[in-house]
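The exercises below ask the reader to work through a fold from its elements to its core. Each task is followed by a solution that goes step by step.

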Amino acid sequence: FRSPEQQFVDILRLRRIRQLASKEADAANMYAHRMQIHVALKGISPPVWRRLTVPAGITLFALHSLVLAPAMGWHKSACCYQFQDQTDGALLGPPGDVVSSKERHPNWDCDDLVYLNVKGYAMLDDRTVRLAQIVRTAGAKLGYVYNLGMYWEHVVTVEAVLLPPLPSIPPLLSQSPPPRPP
């Protein structure tokens, strides 16, 4: 039996999943682009921040495990994490049913996973959501928390959306060389 509050959260999650799916086609046009992002740890003096360039099509799981955690010096699998969409407050990260799921999330063994159920987190699976589905323009922000126990809160700000890198084009022969002697 699920309480009315849990049912309400379930409805909100399903609604958000549908919204993200509808944005998939628009966001797909941006996947080849790159984004210059500024990541700042909140509440720390002197400021701790990083400026990074990432593919717009990167999943939020890959953004955490391959980019943000290493860049900030966090141990990528030691603690749990979450992203928060700043437009509607939706949480993205290891899904709440990760402990009982047969298909385990790569971060299922993080030390503070207990906070997912204790605090009632209901997160959308970050393996299925790409950065460009959440933020698309310069100035857009995304919340990122590493370690749900210590709650290291970061702000990820898109500073620039960069055009896709040019593909490497092999040299083309524009003139034929003179014939070789026999």
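## Exercise 1: Helix α1 and the surface

Task: place Phe8 in its element, and name the nonpolar surface patch to which Phe8 belongs.

Solution. Phe8 lies in helix α1, where helices (H or I, at least four residues) and strands (E, at least two) are DSSP runs, numbered from the N terminus. The model is a predicted one, in which local features need pLDDT of at least 70 and side-chain atom pairs count only at pLDDT 80 or more, while totals for chains, interfaces and linings use all residues. Residues are numbered from 1 along each chain as its sequence is written, and side-chain values use heavy atoms, with hydrogens and water left out.

Phe8 joins Val9 and Leu12 in a nonpolar patch on the surface, and together they have about 250 Å² of accessible area. Such a patch takes residues with over 30% relative accessible area and no salt bridge, like charges being joined within 9 Å and nonpolar side chains (Val, Leu, Ile, Met, Phe, Trp, Tyr) within 5 Å; a salt bridge is a side-chain nitrogen of Lys or Arg within 4 Å of a carboxyl oxygen of Asp or Glu. Areas come from the Shrake-Rupley method with a 1.4 Å probe, and for residues only the protein chains shown count as cover.

## Exercise 2: The sheet

Task: state the order of the strands in the sheet, then follow the pairing of β1 on its two sides.

Solution. The protein chain has four helices and seven strands, which run α-β-β-α-β-β-α-β-α-β-β from the N terminus on. The seven strands form an open sheet of mixed pairing, in the order β2-β1-β7-β6-β3-β4-β5, where two strands pair if DSSP finds at least two bridges between them. Its edge strands, each pairing on one side only, are β2 and β5 (124-125).

On one side, β1 pairs with β2 in the antiparallel sense over eight bridges, and Ile37 stands opposite Leu52 in β2. These two strands form a hairpin with six residues between them, and Gly43 in the turn has a positive phi of about 75°. On the other side, eight bridges join β1 to β7, again antiparallel; here Ile37 stands opposite Val158 and Val39 opposite Val156.

Next, β7 is joined to β6 by six bridges in an antiparallel run, with Lys141 opposite Thr157. Five residues separate the strands of this hairpin, in which Asn147 takes a positive phi near 70°.

## Exercise 3: The nonpolar core

Task: which residues touch the most other members of the largest nonpolar core, and what is Leu68 in contact with?

Solution. A nonpolar core is a set of buried Ala, Val, Leu, Ile, Met, Phe, Trp, Tyr and Cys residues joined through side-chain atoms within 4.5 Å; buried means under 20% relative accessible area, exposed over 50%, and partly exposed in between (1.4 Å probe, protein chains only). Among the 37 residues of the largest core, Met35, Ile37, Leu63 and Leu68 touch the most other members. The element that gives the most to this core is α2, with eight residues.

Apart from neighbours within four places in sequence, Leu68 is in contact (heavy atoms within 4.5 Å) with Ile37, Val39, Leu52, Leu63, Trp74, Phe83, Tyr144 and Val156.
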